[in-house]
Amino acid sequence: MSADGTPGGPGDDKDARGTRPAPDVRDPDEIEVRDPVSAPGPDGVPRRTTRRFPKFTRDTARPEGGGRAADADAAPAARQWPIIAVLATVALGLLLTALDQFRIGTILIGVALLAGGVLRWLLPNVGMLAVRSRFTDMVTYGVLGSAIVLLALMAQPNPWLQIPFLKDTLHFTVAN
């Protein structure tokens with residue numbers, strides 16, 4: 001008992017009724033330890049103060065290859081050369097497609113995506129070519145690029161690639 005008759009002494013944190021506050025109630029002046037893996041805010045300080053996942057996502061973490069592909073003193077176009085190379089190749093493929101070279105243009109678009117997957121695999125920093133994790137980017141670029149190239153090779157009339165079982169499968173499914 002303290003001198004005024006209330007339970008607890010000077011170093012005790014019990015209230016007047018002799019009970020301790022709930023453990024999840026925090027004093028606003030108390031120092032909190034911030035989560036070391038939380039994403040930094042605009043000022044560079046980590047924003048999350050708990051280890052619980054937030055109810056609403058406010059920001060995203062940079063992909064693992066999301067750094068600049070060249071030094072900071074280089075021109076902005078040189079810093080992002082992997083995505084510029086892929087986009088320039090896709091633009092050339094679209095131009096060829098618009099100029100009535102459908103097959104060559106679409107093959108070029110697919111090859112650009114495949115090259116993006118290879119760049120993502122080989123280079124540690126690919127700039128804005130990195131969207132997700134390295135594995136996810138490689139699989140996405142590879143599957144989309146392969147599908148576009150295969151479809152361009154099989155396009156009618158006069159396909160450059162004929163797969164015999166696809167024709168039999170088509171006749172079987174249409175006939176039944």
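**Exercise 1. Locate Leu 92 and classify its exposure.**

Step 1. Leu 92 belongs to helix α2, residues 81–98; helices here are DSSP runs of H or I with at least four residues, numbered from the N terminus. The model is predicted, so local features need pLDDT of at least 70 and side-chain atom pairs count only at pLDDT 80 or more, while totals for chains, interfaces and linings use all residues. Residues are numbered from 1 along each chain as its sequence is written, and side-chain values use heavy atoms, with hydrogens and water left out.

Step 2. The relative accessible area of Leu 92 is 44%, which makes this residue partly exposed. Buried means under 20% relative accessible area, exposed over 50%, and partly exposed in between, with a 1.4 Å probe and protein chains only.

Step 3. Together with Leu 95 and Leu 99, Leu 92 forms a nonpolar surface patch of about 300 Å² accessible area. Patch members have over 30% relative accessible area and no salt bridge, and nonpolar side chains are joined within 5 Å. Accessible areas come from the Shrake-Rupley method with a 1.4 Å probe.

**Exercise 2. Compare the span of α2 with its expected value, and find its buried side.**

Step 1. The 18 residues of α2 should span 26 Å at 1.5 Å a residue, and the end C-alpha atoms are 25 Å apart, which agrees. The expected span is 1.5 Å times one less than the number of residues.

Step 2. Pro 82, Ile 83, Val 86, Val 90 and Gly 93 are the buried residues to consider in α2. They cover an arc of only 95° around the axis and therefore lie on the same side of α2; the arc is that of the directions from the helix axis to the C-beta atoms.

Step 3. The buried residues of α2 pack against α3 (102–122). Just after α2, Asp 100 has a positive phi of about 70°.

**Exercise 3. Determine which residues Gly 105 and Thr 106 touch.**

Step 1. Gly 105 is in helix α3, and its relative accessible area of 0% makes it buried. Thr 106 is also found in helix α3 and counts as buried at 14%.

Step 2. Contact means heavy atoms within 4.5 Å. Not counting residues up to four places away in sequence, Gly 105 touches Gly 93, Leu 96 and Thr 97. With neighbours within four places left aside, Thr 106 is in contact with Thr 97, Ile 148 and Ala 152.

Step 3. The C-alpha atoms of Gly 105 and Ala 152 are separated by 8.8 Å, although these residues are 47 apart along the chain.

**Exercise 4. Identify the salt bridge and describe the helix that holds Asp 137.**

Step 1. The structure holds one salt bridge, in which the side chains of Arg 120 and Asp 137 meet at 2.8 Å, N to O. Arg 120 lies in helix α3 and Asp 137 in helix α4 (residues 134–154), so the pair ties together parts that are 17 residues apart in sequence. The criterion is a side-chain nitrogen of Lys or Arg within 4 Å of a carboxyl oxygen of Asp or Glu. Both partners, Arg 120 and Asp 137, are buried.

Step 2. The buried residues of α4 are Asp 137, Tyr 141, Gly 145, Val 149 and Ala 152. Their arc around the axis is only 70°, which puts them on the same side of α4.

Step 3. These buried residues of α4 pack against α3. The face turned away from the buried side of α4 carries the exposed residues Phe 135, Val 143 and Leu 151.

Conventions. Patch = residues over 30% accessible without salt bridge, like charges linked within 9 Å, V, L, I, M, F, W, Y side chains within 5 Å. Helix = DSSP H or I, 4+ residues; strand = E, 2+ residues; numbered from the N terminus.
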